[in-house]
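The exercises below are intended for a reader new to this structure. Each gives a task and then a solution in steps.

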Amino acid sequence: MPVVTPSLVVIILAAGTVAGAMGATLGIGGGIFLVPFLTLGLGMPIGAAAAISLTTVIGTSSTVTAGRTGSHLINFRLGMVLEVATAAGSLLGGITALYMNQQWLERIFAAVTLAVAVTTLLRASESNTVRDDSADPGPLGGRYLERDCDCMVTYRVKRLPLALVASFIAGNVSSLLGIGGGVIKVPVLNAWCGVPLRAAAATSAFMIGVTAAAGAIIYFGNHQLIPALAAAAVLGVQAGSSFGMQMSARVSARSLNILLVVVLVAVSVSMLYRSMQ
């Protein structure tokens, strides 16, 4: 375990701020940026990095959910349905993290992330919304005000079984690697399940807090969580998340889609690199 020093606390505080800003903007949780930094940049053990990262994901989720509640972007009905599968995957991931070969897991994750990035890029020009206030969103769909066109849009949820499977996998990977499961859920909901990117990101941000809490409990019980470093990371993430929400509101949906692809490719490369160390 790393020795806690004032300089290390400051570094993690700054890293948490950047991770929180990016995580809130894309709805994928800051852990996707924090874990590679802690392991590759600071040489921290994967278990300790994952534990710290999961606490920051809880902070990101809390901030984004509070800030998005009145905008109707968060689909609470869909989120609660998918959270059952996500939490189950998260608990399983936290338990198996002690026994699983991390190198092979990271290589598989790198391949899956790259495939999702390619699919997201190919579908970047497609829209999942219907500009009709009278359209039926179905039992799990929703409506929200789209800033790009300043109009109310409607969407229906498709392929719910696929969304449930993706949520279970996302929860599992979230606990195993300490990253927000949104890196899987957001692209899948947007590309295959008919949920617009803004709504997918906001709903994912709501869900990842519960997911991370389920996995963090396992790490805490195994004494892999360093409270002082986790507190610094959470403070940074809280500050960064507030900025990220403002940034998300000003950027077009297409730009967010492209940014998401860039992030996915970067994550894929970093995971592959780490698995070869």
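**Exercise 1. Determine how many aromatic pairs the chain has, and classify what is found.**

Step 1. Rings of Phe, Tyr and Trp (its six-membered ring) pair if their centres lie within 6.5 Å; planes under 30 degrees apart count as stacked, over 60 as edge-to-face and the rest as tilted. By this rule the count is one aromatic pair.

Step 2. The ring centres of Phe76 and Phe206 are 5.0 Å apart and the ring planes stand at 75 degrees, so the pair is edge-to-face.

Step 3. Phe76 belongs to helix H4 (residues 76-96) and Phe206 to helix H8 (residues 197-221), so the pair ties together parts that are 130 residues apart in sequence. Helices (H or I, at least four residues) and strands (E, at least two) are DSSP runs, numbered from the N terminus.

Step 4. For the accessibility of the two residues, buried means under 20% relative accessible area, exposed over 50%, and partly exposed in between (1.4 Å probe, protein chains only). Phe76 is partly exposed, with a relative accessible area of 34%, whereas Phe206 counts as buried at 16%.

Two remarks apply to every exercise. The model is predicted: local features need pLDDT of at least 70 and side-chain atom pairs count only at pLDDT 80 or more, while totals for chains, interfaces and linings use all residues. Residues are numbered from 1 along each chain as its sequence is written, and side-chain values use heavy atoms, with hydrogens and water left out.

**Exercise 2. Describe the chain as a whole: which pattern does it follow along the sequence?**

Step 1. Ten helices and two strands make up the count of elements. Along the sequence, their pattern reads α-α-α-α-α-β-β-α-α-α-α-α.

Step 2. The chain has 277 residues, of which 56% count as buried. Its exposed area is about 11500 Å², and carbon and sulfur atoms supply 69% of that; such areas come from the Shrake-Rupley method with a 1.4 Å probe, and for residues only the protein chains shown count as cover.

Step 3. Contact means heavy atoms within 4.5 Å. Among contacts in the chain with a separation of 6 or more, 78% are between residues 24 or more positions apart.

Step 4. A further example of separation along the chain involves Ala213, which is located in helix H8 and is partly exposed at 29% relative accessibility. The C-alpha atoms of Ala213 and Thr55 are separated by 7.4 Å, although these residues are 158 residues apart along the chain.

**Exercise 3. Explain how strands S1 and S2 are joined: how many bridges are there?**

Step 1. Two strands pair if DSSP finds at least two bridges between them. Strand S1 (residues 142-146) and S2 run antiparallel and are joined by five bridges.

Step 2. One bridge can be followed from Tyr144, whose partner in S2 is Val153.

Step 3. S2 (residues 151-155) is mostly covered, with four of its five residues buried.

Step 4. The loop between S2 and H6 contains Arg159. Arg159 is not a glycine, yet its phi is positive, at about 50 degrees.

**Exercise 4. Compare the expected span of helix H6 with the distance between its end C-alpha atoms.**

Step 1. The expected span of a helix is 1.5 Å times one less than its number of residues.

Step 2. Helix H6 (residues 160-177) has 18 residues and should span 26 Å; its end C-alpha atoms are 25 Å apart, which agrees.

Step 3. Gly178 follows H6 and has a positive phi, near 75 degrees.

**Exercise 5. Establish whether helix H7 is enclosed or open, and examine two of its residues.**

Step 1. Ten of the ten residues of H7 are buried, so this helix is largely enclosed by the rest of the structure.

Step 2. Val188 is in helix H7 and is buried at 7% relative accessibility. Leaving aside residues up to four places away in sequence, Val188 touches Leu162, Ala166 and Cys193. Ala166 is also among the buried residues of H6.

Step 3. Asn190 lies in H7 (residues 182-191) and counts as buried at 10% relative accessibility. The side chain of Asn190 reaches the backbone oxygen of Val195 at 3.1 Å.

Definitions and conventions: Polar contact = N/O pair within 3.5 Å; in protein donor to acceptor, adjacent residues only side chain to side chain.
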